[in-house]
Amino acid sequence: MGRQLLAVTVELVGGDAGPLLLATAHLESTKDHATERKRQLLQSLRHLRQAVCKTPRAVSAALLGGDLNIRDEEVKAVHKDLGDEAHGFADLWSFCGAPEAERWTWDTTQNSNVGANFACKTRFDRILFISPGVSDAPGVAGLAAAKAKAKAKASPHATATSSGEGWRPRSIRLLGKEKVAGLGRFPSDHWGLLTEWTCGSSAPASAPEKAAKPALGFANLNSSGAVIDLDA
């Protein structure tokens with residue numbers, strides 16, 4: 001149905017980490033299209049892995065984020081189909097401690113945009129990533145651990161404490177949960193995902209907070225980007 005993977009490579013200006021591949025896709029929707037959706041996710045993750053594993057390495061890390069319409073059991077099936085290629089991939093929500101308050105991105109009990117007369121909570125929207133030295137560190141749950149139990153957190157936003165160098169997620173939270181003034185509707189029937197990362201040799205999130213530094217800019221290393229046909 002015309003599904004594509006859109007990808008672009010960027011690099012921090014003044015940062016000490018290597019290039020980062022950012023990819024997004026809107027995978028096939030509805031439960032009836034699970035087979036096609038799993039094939040699309042498999043193809044997308046293989047694209048990320050190829051980018052990270054090139055010699056010489058083209059990017060230091062890669063992530064796929066978006067409305068993937070994916071279910072936990074489908075992620076596990078893709079993990080199995082990937083075999084050894086699944087090593088090093090992680091689900092950002094699980095990596096950040098699986099915070100229950102930031103779990104459901106499509107929730108008809110809280111979001112009235114769809115006007116559903118049924119209750120449904122799912123995690124259709126996800127960020128999956130591969131960052132050597134971080135996502136493959138000992139103790140980090142892989143893709144198959146998508147149902148990781150939320151840990152108790154003092155902060156409402158979960159943080160990750162992996163100490164490996166490289167691109168590292170620090171936190172994840174839902175956004176878009178307030179109705180647009182004057183419209184009486186939410187921005188979308190899905191909640192958005194907001195995540196904070198550190199890069200290079202930055203201290204993990206558990207370290208004491210330091211004074212805020214000026215924002216670092218991004219340099220686009222691939223002005224044309226990449227569009228991969230997921231229906232091929």
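**Arg123.** I began with Arg123, which lies in the loop between β6 (121-122) and β7 (125-130). The model is predicted, and I read each entry below with that in mind. I looked up the accessibility of Arg123 and recorded a relative accessible area of 6%. Because this value falls under the 20% cut-off, I entered Arg123 as buried. I then searched for a partner of its side chain and noted a polar contact of 3.0 Å between the side chains of Arg123 and Asp91.

**Positive phi: Asn69.** I turned next to the backbone angles. Asn69 is not a glycine, yet its phi is positive, at about 55°. I located Asn69 in the loop between β3 (61-67) and α2 (72-82). Its relative accessibility is 6%, so I counted Asn69 as buried.

**Positive phi: Ala98.** I made a second entry of this kind for Ala98, a residue other than glycine with a positive phi near 50°. I found Ala98 in the loop between α3 (92-95) and β5 (106-107). With a relative accessibility of 1%, Ala98 also counts as buried.

**Cysteines.** How many disulfides does the count give? I applied the criterion of cysteine sulfur atoms within 2.5 Å, and the count came to zero. I also looked up the exposure of two cysteines. Cys120 has a relative accessible area of 21%, and I therefore recorded Cys120 as partly exposed; the value lies between the limits of 20% and 50%. Cys199, at 7%, is buried.

**Confidence.** I closed with the pLDDT values. The mean over the chain is 84, and 80% of the residues reach 70 or more. Which element has the lowest mean pLDDT, and which the highest? I noted strand β8 (residues 158-159) as the lowest, with a mean of 44, and β7 as the highest, with 98. I then examined residues 148-161, where the pLDDT is below 50. Beyond near neighbours in sequence, this stretch has 35 contacts in the model. I made a further entry for residues 202-215, over which pLDDT stays under 50. For residues 202-215 I recorded 13 contacts beyond four places in sequence.

**Cross-reference.** On rereading, I linked the first entry to the last: the loop that holds Arg123 leads to β7 (125-130), and β7 is the element with the highest mean pLDDT, 98.

Terms used
Residues are numbered from 1 along each chain as its sequence is written. Side-chain values use heavy atoms; hydrogens and water are left out. Helices (H or I, at least four residues) and strands (E, at least two) are DSSP runs, numbered from the N terminus. Buried means under 20% relative accessible area, exposed over 50%, partly exposed in between (1.4 Å probe, protein chains only). A polar contact is a pair of N or O atoms within 3.5 Å; within protein, one must be able to donate a hydrogen and the other to accept it, and residues adjacent in sequence count only if both atoms are side-chain atoms. pLDDT is the predictor's confidence in each residue, from 0 to 100. Contact means heavy atoms within 4.5 Å.
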